[in-house]
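Here are a few friendly notes to read alongside the model. Please keep the structure open as you go through them.

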Amino acid sequence: MSRLLAAALTVLAAAALAVGAALGIVALLDATPDQPNTPLITYEQARQGS
């Protein structure tokens, strides 16, 4: 019975560690500033009419 309890505690600890790591990664990604969305190449509009 003690092996089953040890296995269950190990699984719970691993799951808690995985959830904590995932939340930490998400927090780090949210902390990075957004990059400006400026195009590298711009095209001039063709003039309409004559």
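1. Helices (H or I, at least four residues) and strands (E, at least two) are DSSP runs, numbered from the N terminus. By that reckoning the protein has 1 helix and 0 strands. With a radius of gyration of 26 Å, well over the 10 Å that the globule rule gives for 50 residues, the protein is more spread out than a compact globule. Here the radius is taken over C-alpha atoms, and the rule is 2.2 Å times the number of residues to the power 0.38.

2. A word on the source: this is a predicted model, where local features need pLDDT of at least 70, side-chain atom pairs count only at pLDDT 80 or more, and totals for chains, interfaces and linings use all residues. Residues are numbered from 1 along each chain as its sequence is written, and side-chain values use heavy atoms, with hydrogens and water left out.

3. Helix α1 covers residues 2–31. Its end C-alpha atoms are 43 Å apart, which agrees with the 44 Å that its 30 residues should span at 1.5 Å a residue; the expected span is 1.5 Å times one less than the number of residues.

4. How many of the 30 residues of α1 are buried? The number is 0, so α1 lies largely in the open. Buried means under 20% relative accessible area, exposed over 50%, and partly exposed in between (1.4 Å probe, protein chains only).

5. Two residues are worth finding. Leu 12 lies in helix α1 and counts as exposed because its relative accessibility is 58%. Arg 3 is also found in helix α1, and at 75% relative accessibility Arg 3 counts as exposed. From Arg 3 to Pro 33 is 30 residues in sequence and 47 Å in space, C-alpha to C-alpha.
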